[in-house]
Amino acid sequence: MSSAFDCRDEAQLLAGMRHSRQAIARGELVVIPTDTVYGIAADAFSPSAVQRLLDAKGRGRDMPPPVLVAGPDTLAALVERVPEPVQRLVDAFWPGGLTIVLPAQPSLVWDLGETKGTVAVRMPDNRIALELLAETGPLAVSSANLTGREAAITAANAQEMLGDSVAVYLEAGFSETGIPSTIVDATSLVGDAEKPVVRILRDGAVTREQLEGVLGELLEPEEQPGPDGSA
């Protein structure tokens, strides 16, 4: 049986945070507010919890969840290296709606799915999410919806889709933007690519123009449509 807490009420917020910490520790799922859309969260270092997250969404291991962190220092612990251009992105857009894909730290023992040795990391700009992350450590978090459905912008919206597959729902009203994070692939900055670039994998809260302002020519150019309209 799921529990739901209205975090706009201070008493419910405290109870909800306590129940959320306990649920994460048990390998269960929690729906949390973020600055983009609501997320379904699991302990990133519990393979069974991550699988539970994928099952709840109806998603396969070929679509591994990103990891949310409480601060930039945790990013450095999760990835092989933080290149200088990525540090610029972090300084400009964290906390906020930018997810960065980098090669994962090889020494970490975890299983997020078929990641091909990478991890997608974001620091959300939301007080409730950050407080929970500070207490639990990194969480695997994906948008709180069934695969193929619109991302939830309230916890109640998420509960309609996910039901009792989630142990705790933290309600904080409508999402600030309802726009998912932008995802960029910065893995070539770490390897030995002849011409390293940062690629946009998903358009979202941070615009191409904003990214260009930080990265300049390191941002892969946008594909121009051909004469027949094809990309």
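Valine 69 has a long contact list once its neighbours within four places in sequence are left aside: Thr74, Leu78, Trp94, Val121, Arg122, Met123, Pro124, Leu130, Leu133 and Pro138. Keep in mind that this is a predicted model. Valine 69 sits in the loop between β4 (67-68) and α3 (72-78). Loop or not, valine 69 is buried: its relative accessible area is 1%, and the cut-off for buried is under 20%. As for partners far along the chain, valine 69 and glycine 137 are 68 residues apart in sequence, yet their C-alpha atoms are 7.0 Å apart in space.

Now to leucine 102, which belongs to strand β5 (residues 98-103). Is leucine 102 buried or exposed? With a relative accessible area of 0%, leucine 102 is buried. Leaving aside neighbours within four places in sequence, leucine 102 touches Leu75, Val79, Arg81, Pro83 and Val86, then Gly117, Thr118 and Val119, and finally Ala186, Thr187 and Val190. Of these, threonine 187 also gives a C-alpha to C-alpha distance: 4.6 Å in space, across 85 residues of sequence.

Serine 2 is up next, in the segment before β1 (3-6). Serine 2 has 11% relative accessibility, so it counts as buried, given that the cut-off is under 20%. Again skipping neighbours within four places in sequence, the contacts of serine 2 are Gln159, Gly163, Asp164, Val166, Ala167 and Tyr169. Serine 2 and alanine 167 are 165 residues apart in sequence, with 4.6 Å between their C-alpha atoms.

Here are those sequence-distant pairs side by side.

| Pair | Separation in sequence | C-alpha to C-alpha distance |
|---|---|---|
| Valine 69 and glycine 137 | 68 residues | 7.0 Å |
| Leucine 102 and threonine 187 | 85 residues | 4.6 Å |
| Serine 2 and alanine 167 | 165 residues | 4.6 Å |

What about the chain as a whole? Among contacts in the protein chain with a separation of 6 or more, 63% are between residues 24 or more positions apart. Of the 231 residues, 48% count as buried. A compact globule with 231 residues would have a radius of gyration near 17 Å, and the 18 Å of the protein chain agrees with that. Taken along the principal axes, the C-alpha atoms fill a box of roughly 55 × 45 × 30 Å. Secondary structure comes to seven helices and ten strands.

On to helix packing. Two packed helices are described by the angle between their axes and the distance between the axes. Take helix α4 (residues 84-93) and helix α7 (residues 208-215): their axes come within 9 Å and cross at roughly 130 degrees. That angle makes α4 oblique to α7, and the crossing is right-handed. On the α4 side, the contact is made by Pro85, Arg88, Leu89, Ala92 and Phe93, while α7 brings Gln210, Leu211, Val214 and Leu215. Sorted by class, the contact of α4 with α7 has seven nonpolar, one polar and one charged residues.

Then there's helix α1 (residues 10-25), which packs against helix α5 (residues 127-136) at an angle of about 40 degrees, with the axes 11 Å apart. That makes α1 oblique to α5. The crossing of α1 and α5 is right-handed. Which residues meet in α1 and α5? From α1 come Leu13, Met17, Ser20, Arg21 and Ile24, and from α5 come Arg127, Ile128, Glu131, Leu132, Glu135 and Thr136. By class, the contact of α1 with α5 divides into five nonpolar, two polar and four charged residues.

A couple of backbone details are worth a look if you're setting up this chain. The peptide bond from tryptophan 94 to proline 95 is cis, with omega near -10 degrees. Proline 95 falls in the loop between α4 and β5. Tryptophan 94 also turned up earlier, as one of the contacts of valine 69.

The other detail is lysine 116, in the loop between β5 and β6 (118-122). Lysine 116 isn't a glycine, but has a positive phi of about 55 degrees. Lysine 116 is exposed, with a relative accessible area of 83%, where the cut-off for exposed is over 50%.

Technical notes. Residues numbered from 1 in each chain as written. Predicted model: local features only at pLDDT ≥ 70, side-chain atom pairs only at ≥ 80, totals over all residues. Heavy atoms only, no water. Axes fitted to C-alpha atoms, helices over the stretch in contact; angles between N-to-C directions. Helix = DSSP H or I, 4+ residues; strand = E, 2+ residues; numbered from the N terminus. Parallel < 35°, antiparallel > 145°, perpendicular 65-115°, else oblique. Left-handed = near helix turned anticlockwise from the far one by under 90°. Contact = heavy atoms within 4.5 Å. Nonpolar A, V, L, I, M, F, W, Y, C, P; charged D, E, K, R; others polar. Rg over C-alpha atoms; globule rule 2.2 N^0.38 Å. Buried < 20%, exposed > 50% of the residue type's maximum accessible area, 1.4 Å probe, protein only.
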